[in-house]
Each structure stands twice: as structure tokens, then as C-alpha cells.
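Work through the three exercises below with the structure at hand. Each is followed by a solution in steps.

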Amino acid sequence: RVLPGASRYFSVAECVFPSEHGMLAPGMACWTVVRFRPESLADYEDFIAVAGETARGRVALVAKRHPPRLTIDPVVDVGAVLVGGDVEFRVPFKNVGGEGRFRLVDEKDWPDTTTPLVLPNETADLAPFGETHEDSPTPCIPLGPFRVGPGAMSLPRNAVEKLRVGFAPPKPGTFTRAFRAVCDNGQVKTFRVVGTGTVLDVAVAAV
């Protein structure tokens, strides 16, 4: 006998035996059709039990896809920006795993709410030198003095993208905020952005 697992996502549709009486002699095999009905793109695991007259065993059921993996450092430090200024930093990264869709969320909002998307400051200075503002602004999420985007993105395998971190310090000091990248397969990764607000300190060194 083939006994179904506990999960509602897997079900045993039919068992095909080599004979009508359902007996298996040593060296013989039967076929079992297992149906899979997922509710999301997450990974699923279960097992079915195979019961004989004198023995019982398990057959693992696994449904997974190759998960995406982003080459973003856990901490993104944008360095120093003058108080009153606004600089958007572009940090290249790559998806070295499988295809995936992502939504960025402020750590303070997760998991109760979804951080709304906002448009970037199109007058902000850009770093590194040579970057240009896009014709179609990339929506981002607000994180206090920071803006981080793309707030929503779909990345196929080996896709290259740029993390956009805007920083507009309101006062001198170091600022740190955390956000989460929520993937459509259920994975959640936490990242931090760090920046320092600074002021000009000019003094006469010699006359």
C-alpha cells in the first residue's frame, strides 16, 4: 500500500502494479503518480509511506527551484555626504542564482505592511562619476535620510542590476537603516545602508 503524506500540496493519484492482485515479488516494481498543487513559489517537502506485509518505508517528495542569489554586501556603506546635499550612489550587483522577483521593505514595516514606493530625487548628484539620470525614474523605498531602489524588480539568472542608494543627511553624524529583500519564493534577506553626514570645516593653516 502507498499512503499519502500529511501535506495538502502532494497527493497520490494512482498506483500501477504489474499484476491485478497488487503483489510485488522481489525484483518487481510498481508506478505511483504523485500530484503537486503548490500555493506559492516556495520550496515544499513531504513524504509518502510504502507499507508491505512485513516492512514499511518512506519515499521523500521534494519540489524546489534553483533559488536566486544576489551579490549585494550585507552592509552598503555610501560614505560621507555634506549636510544639505543629496547624492544617489549606484552599486552594481548580479543575480548568480535562479530567476526571482523581489520587493524591498523597510525593516520597521516587515512583516505587517509593505513599504510604499516613491520616486527618486531627479536633481540629486550621482556617484560614481559618469552615471546619468534615467529617462524613466526607478521607484524606491524611503528609509529616513536614505532612498533604496529598485523597490520592486524581476531578475533572471545572471542578470546585472544597480542598487540605487540615495542619501540626504539632515545633520552631522552617522546614519544606519535596515531593509529586507523579500523574494517570491519566500526567502527574506536583510541588508543595511550606512552613511555619514558631514560639514565643511575650513581653517587657515598658514599666512
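**Exercise 1.** Find the sense in which strand 8 and strand 12 pair, then place both strands in their sheet.

Solution. In this predicted model, strand 8 (residues 100-106) pairs with strand 12 in the antiparallel sense, over four bridges. One residue to look at is phenylalanine 102, whose bridge partner in strand 12 is methionine 153. Next, widen the view: the open sheet has five strands in the order 6-15-14-8-12, with mixed pairing. Its edge strands, strand 6 (75-82) and strand 12 (152-155), each pair on one side only. From one strand to the next, the twist averages 25 degrees.

**Exercise 2.** Describe the lining of the second largest pocket.

Solution. Start with the volume, which is about 210 Å³. The lining consists of 14 residues, and Pro68, Arg69, Leu70, Gln187 and Lys189 lie nearest the centre of the pocket. Strand 14 (173-183) and strand 15 (188-198) are the elements that give two or more residues to this lining. Finally, sort the lining by character: nine residues are nonpolar, three polar and two charged.

**Exercise 3.** Classify the aromatic pair of phenylalanine 10 and phenylalanine 36, and decide whether each residue is buried or partly exposed.

Solution. The whole structure holds six aromatic pairs. In this one, the ring centres are 4.9 Å apart and the planes differ by 20 degrees, so the pair is stacked, the cut-off being under 30 degrees. Phenylalanine 10 belongs to strand 2 (residues 10-16) and phenylalanine 36 to strand 3 (residues 31-36), 26 residues apart. Phenylalanine 10 has 9% relative accessibility and therefore counts as buried; phenylalanine 36, at 34%, counts as partly exposed. Ring pairs also link Tyr9, Phe10, Phe36 and Tyr44 into a cluster.

Methods
Residues are numbered from 1 along each chain as its sequence is written. This is a predicted model: local features need pLDDT of at least 70, side-chain atom pairs count only at pLDDT 80 or more; totals for chains, interfaces and linings use all residues. Side-chain values use heavy atoms; hydrogens and water are left out. Two strands pair if DSSP finds at least two bridges between them. Axes are lines fitted to C-alpha atoms, for helices over the stretch in contact, and angles run from 0 to 180 degrees between N-to-C directions. On a 1 Å grid over the protein atoms alone, a cavity is a set of points where a 1.4 Å probe fits but cannot get out, and a pocket is an open set with protein on both sides within 12 Å along at least five of seven lines; lining residues have an atom within 4 Å of a point. Grid points are joined across faces, edges and corners, and a volume is the space filled by probe spheres set on the points. Ala, Val, Leu, Ile, Met, Phe, Trp, Tyr, Cys and Pro count as nonpolar, Asp, Glu, Lys and Arg as charged, and the others, Gly among them, as polar. Rings of Phe, Tyr and Trp (its six-membered ring) pair if their centres lie within 6.5 Å; planes under 30 degrees apart count as stacked, over 60 as edge-to-face and the rest as tilted. Buried means under 20% relative accessible area, exposed over 50%, partly exposed in between (1.4 Å probe, protein chains only).
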